[in-house]
Amino acid sequence: MAIRTRAKSRTESGQAALRTPVQQFLRLPSTAFFLALIVLMAAFCFIGPLFSASPTDTSFDVLKAPDATNLAGTDSLGRDLLSRMMVGGQISLFVGLAVGFICMTLAVIIGGLAGFYGGVVDTLLTKVAEFFQVIPPIILALVSIAMLGASLPIIITILSITMWPQVARIVRAECMRVRELGFVESSRAAGFRPLRILWSDVLPNAFAPVLVATTMTVGRAILLESGLAFLGLGDANTPSWGALLNGAQAYMQTAWWLTLFPGVAIFVIVLAANMLGDRLNDSLNPALSRVK
Amino acid sequence: MYLLTHYARLLGSSLLLVFVVILVMFMLLELAPGDPVQALVGSMPVTEAFREQMTIAYGLDRPLGERFLAYLGNILTGNLGESFANKQPVIDLIMGRLGNTLLITIPALVLSSVGGILLGALAARTRSRVKDGTISFLAVAGFSIPSFWLALLLIMLFSVQLGWLPSQGMNSFTSNGISVPHLILPVVSLALAELAFKARIMRSSMIEVLGQDYIDTARSKGLGSMEILRRHGLLNAMLPMVSVIGYSLGYTLAGSVLVEKVFGWPGMGLLLYDSIQRSENLVVMGILLIMTIVIVIVNILTDVVYGLVDPRIRARFTIQRGAR
């Protein structure tokens with residue numbers, strides 16, 4: 001038994017050098033934990049409503065503390081908070097994922113072209129990214145959404161517009177690094193067209209940092225959306241977690257559960273996304289893992 | 001000479017940035033749904049005479065290019081319009097609130113910078129994996145907490161449960177002036193995320209500095225680890241922090257909108273919130289413009305400070321100047 005374990009561990013350490021960043025990432029113990037946490041939250045929001053009370057049914061049990069029937073208590077109209085959190089979480093998660101996806105797509109296209117070709121696209125991207133570094137996305141998003149009207153498509157569009165340049169900057173830097181490497185040189189020597197080199201040689205090698213940036217963007221988008229909703233700039237049809245907190249402030253003295261639980265939900269999902277990004281970053285640059 | 005062109009370029013790009021923000025504001029105004037006069041002043045009913053006055057002032061009946069020039073002209077002459085709800089010029093309204101906002105943002109900026117630098121520097125010293133993991137987890141947790149939720153939790157603990165600190169407003173009804181107890185909770189909720197973020201950057205910067213040769217020299221002289229950190233590490237590792245602190249003002253200002261709403265703090269952020277509720281877009285845009293100008297000025301100052309504290313940049317300037 002002991003011999004078998006030792007033999008196994010030897011092969012493992014032998015393979016360590018060959019492991020891809022993604023494999024290393026999956027081996028970190030906390031990774032599994034935070035991945036599971038995200039899956040669990042998604043299940044809570046999207047599968048949970050099948051098994052719980054209606055989020056809109058009112059009752060006479062107003063502002064009831066958590067008990068066996070209402071696990072997270074009820075709000076001022078006697079609605080079940082847990083069910084409302086499930087439905088609200090769908091909005092928060094959807095906004096986060098949609099913004100993350102749009103940012104990643106824009107970043108890969110524009111950042112890729114800028115990093116690979118340089119020139120006008122590069123200058124423009126640098127300027128735009130600088131602009132959004134100086135003016136925080138949330139201020140611009142706040143003002144824009146206030147003026148254009150808060151609806152889900154507008155929120156997603158505005159958040160994407162303000163957040164993609166940070167991801168694009170990372171894609172650009174990666175592409176600039178990769179385009180100088182030997183295998184790109186040989187592709188060029190082999191006579192492949194630049195766009196094909198960009199697509200099949202450069203971008204796949206820039207993929208990992210893009211994944212880190214996108215994961216973090218999802219977290220930040222959820223955080224920004226909750227802030228906007230807290231200010232009343234959320235989708236009016238379904239109150240997301242931030243909007244639930246907005247409604248909770250009036251009952252802080254009596255109903256602590258209204259403030260506690262939706263906030264925990266935001267915190268947990270944003271923390272999980274950020275920790276995943278962080279761990280992913282560690283496994284990409286093992287040498288730098290202490291330096292961040 | 002070199003210094004002069006450097007600052008001329010900096011000033012140019014700052015002005016360009018303000019111009020782009022004005023352009024964005026104009027575009028938003030054009031895209032805003034509904035009647036253009038109502039989009040400017042909010043959902044209140046307006047008189048026919050006022051409507052005509054606004055149409056002329058903002059060139060609403062003229063083509064797009066002229067409309068933009070009229071808009072730009074208004075802003076450049078410091079005329080941000082009139083707040084319909086407050087019966088006051090928008091610029092006066094905002095300037096009257098700016099001080100209150102700075103009253104919480106500047107202490108928050110100081111707290112997050114000093115705290116972040118100290119904690120980051122101390123965190124860089126540890127070689128234990130467990131401690132290291134705990135510290136980086138706490139840092140990530142720090143900037144994953146929504147500031148407004150933290151503010152609500154602090155109120156529930158320190159105001160509702162313990163009754164130690166006030167939860168609303170700037171001072172009690174009986175007194176005027178600055179009240180320190182009222183400042184504590186808003187400043188802490190505003191500072192935490194930035195503090196965690198800065199501690200993280202400071203830590204990595206410090207780890208890099210501690211790997212340098214001159215640190216080994218100091219160690220071989222027999223200095224203790226605290227002494228090395230203080231005398232050789234801290235100042236060098238703080239260099240990248242200058243620009244981080246500069247940028248963080250914008251984020252702290254942005255955060256103040258949420259925190260002011262929670263604490264009913266009568267600053268620019270609360271004004272922004274109230275104006276959004278009344279859809280008074282002139283005020284909303286005015287606040288965006290003033291925040292942009294504050295951020296741009298701080299950015300220029302950051303650049304100047306950076307040049308002053310980094311001997312390498314200072315040396316480059318003198319060499320360049322000497323060569324000409």
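Here is a friendly conversation about a predicted model with chains A and B.

Biologist: Let's begin with chain A; how many helices and strands are there?

Modeller: Read along the sequence, chain A follows the pattern α-α-α-α-α-α-α-α-α-α-α-α. That fits the tally for chain A, which is 12 helices and 0 strands.

Biologist: And what share of the residues in chain A is buried?

Modeller: Chain A has 292 residues. Residues count as buried when their relative accessible area is under 20%. By that cut-off, the buried share of chain A is 48%.

Biologist: How many helices and strands does chain B have, and what box do its C-alpha atoms fill?

Modeller: Chain B holds 13 helices and 2 strands. Taken along the principal axes, its C-alpha atoms fill a box of roughly 80 × 65 × 35 Å.

Biologist: In chain B, what percentage of contacts between residues at least 6 apart in sequence join residues at least 24 apart?

Modeller: Chain B has 324 residues, and 48% of them count as buried. Contacts here mean heavy atoms within 4.5 Å. Among the contacts in chain B between residues at least 6 apart, the part joining residues at least 24 apart is 72%.

Biologist: Turning to helix 6 of chain B, what do its buried residues pack against?

Modeller: Helix 6 spans residues 129-144 and reaches 22 Å from its first C-alpha to its last, close to the 22 Å expected. Its buried residues include B:Asp132, B:Ser136, B:Val140 and B:Phe143. These buried residues of helix 6 pack against elements of both chains: helix 10 and helix 12 of chain A, together with helix 8 of chain B.

Biologist: Just after that helix comes B:Ile145; which residues does it touch, not counting those up to four places away in sequence?

Modeller: B:Ile145 sits in the loop between helix 6 and helix 7 of chain B. B:Ile145 has a relative accessible area of 18%, so it counts as buried. Its C-alpha is 7.3 Å from that of B:Ala193, 48 residues away in sequence. The residues that B:Ile145 touches are A:Leu223, A:Phe267, B:Leu150 and B:Leu192.

Biologist: Is B:Ser189 buried or exposed?

Modeller: B:Ser189 is found in helix 8 of chain B. Leaving aside neighbours within four places in sequence, B:Ser189 is in contact with B:Ser147, B:Leu150, B:Ala151, B:Leu154, B:Val259 and B:Phe263. Its relative accessible area is 1%, which means that B:Ser189 is buried.

Biologist: What about B:Phe158: is it buried or partly exposed?

Modeller: B:Phe158 lies in helix 7 of chain B. Beyond four places in sequence, B:Phe158 touches B:Gly163, B:Trp164, B:Leu165 and B:Leu185. The C-alpha atoms of B:Phe158 and B:Leu185 are separated by 8.6 Å. Because its relative accessibility is 22%, B:Phe158 counts as partly exposed.

Biologist: Back in chain A, where is A:Gly234, and is it buried or exposed?

Modeller: A:Gly234 has its place in the loop between helix 10 and helix 11 of chain A. Leaving aside neighbours within four places in sequence, A:Gly234 is in contact with A:Ala150, A:Ile155, A:Leu228 and A:Ala229. Its relative accessibility is 16%, so A:Gly234 counts as buried.

Biologist: Why does A:Cys175 form no disulfide with A:Cys103?

Modeller: A:Cys175 is buried at 0% relative accessibility. A disulfide is a covalent bond between the sulfur atoms of two cysteines. The closest cysteine sulfur to that of A:Cys175 is in A:Cys103, and the two cannot bond because they are too far apart, at 17 Å.

Biologist: How many disulfides does the structure hold over all chains?

Modeller: To count, a pair of cysteine sulfur atoms must be within 2.5 Å. Over all chains, the number of disulfides is 0.

Biologist: One last topic, the largest cavity: which elements give two or more residues to its lining?

Modeller: The largest cavity holds about 60 Å³ of space. Its lining includes B:Met25, B:Tyr58, B:Tyr71, B:Asn74, B:Leu282 and B:Met285. The elements giving two or more residues to that lining are helix 4 and helix 12 of chain B.

Biologist: And how many of those lining residues are nonpolar, polar and charged?

Modeller: Among the polar ones are B:Asn74 and B:Gly81, since Gly is grouped with the polar residues. The lining of the largest cavity divides into 7 nonpolar, 4 polar and no charged.

Technical notes
Residues are numbered from 1 along each chain as its sequence is written. Chains are lettered from A and ligands numbered from 1 in the order in which they are written. This is a predicted model: local features need pLDDT of at least 70, side-chain atom pairs count only at pLDDT 80 or more; totals for chains, interfaces and linings use all residues. Side-chain values use heavy atoms; hydrogens and water are left out. On a 1 Å grid over the protein atoms alone, a cavity is a set of points where a 1.4 Å probe fits but cannot get out, and a pocket is an open set with protein on both sides within 12 Å along at least five of seven lines; lining residues have an atom within 4 Å of a point. Grid points are joined across faces, edges and corners, and a volume is the space filled by probe spheres set on the points. The expected span of a helix is 1.5 Å times one less than its number of residues. Buried means under 20% relative accessible area, exposed over 50%, partly exposed in between (1.4 Å probe, protein chains only).
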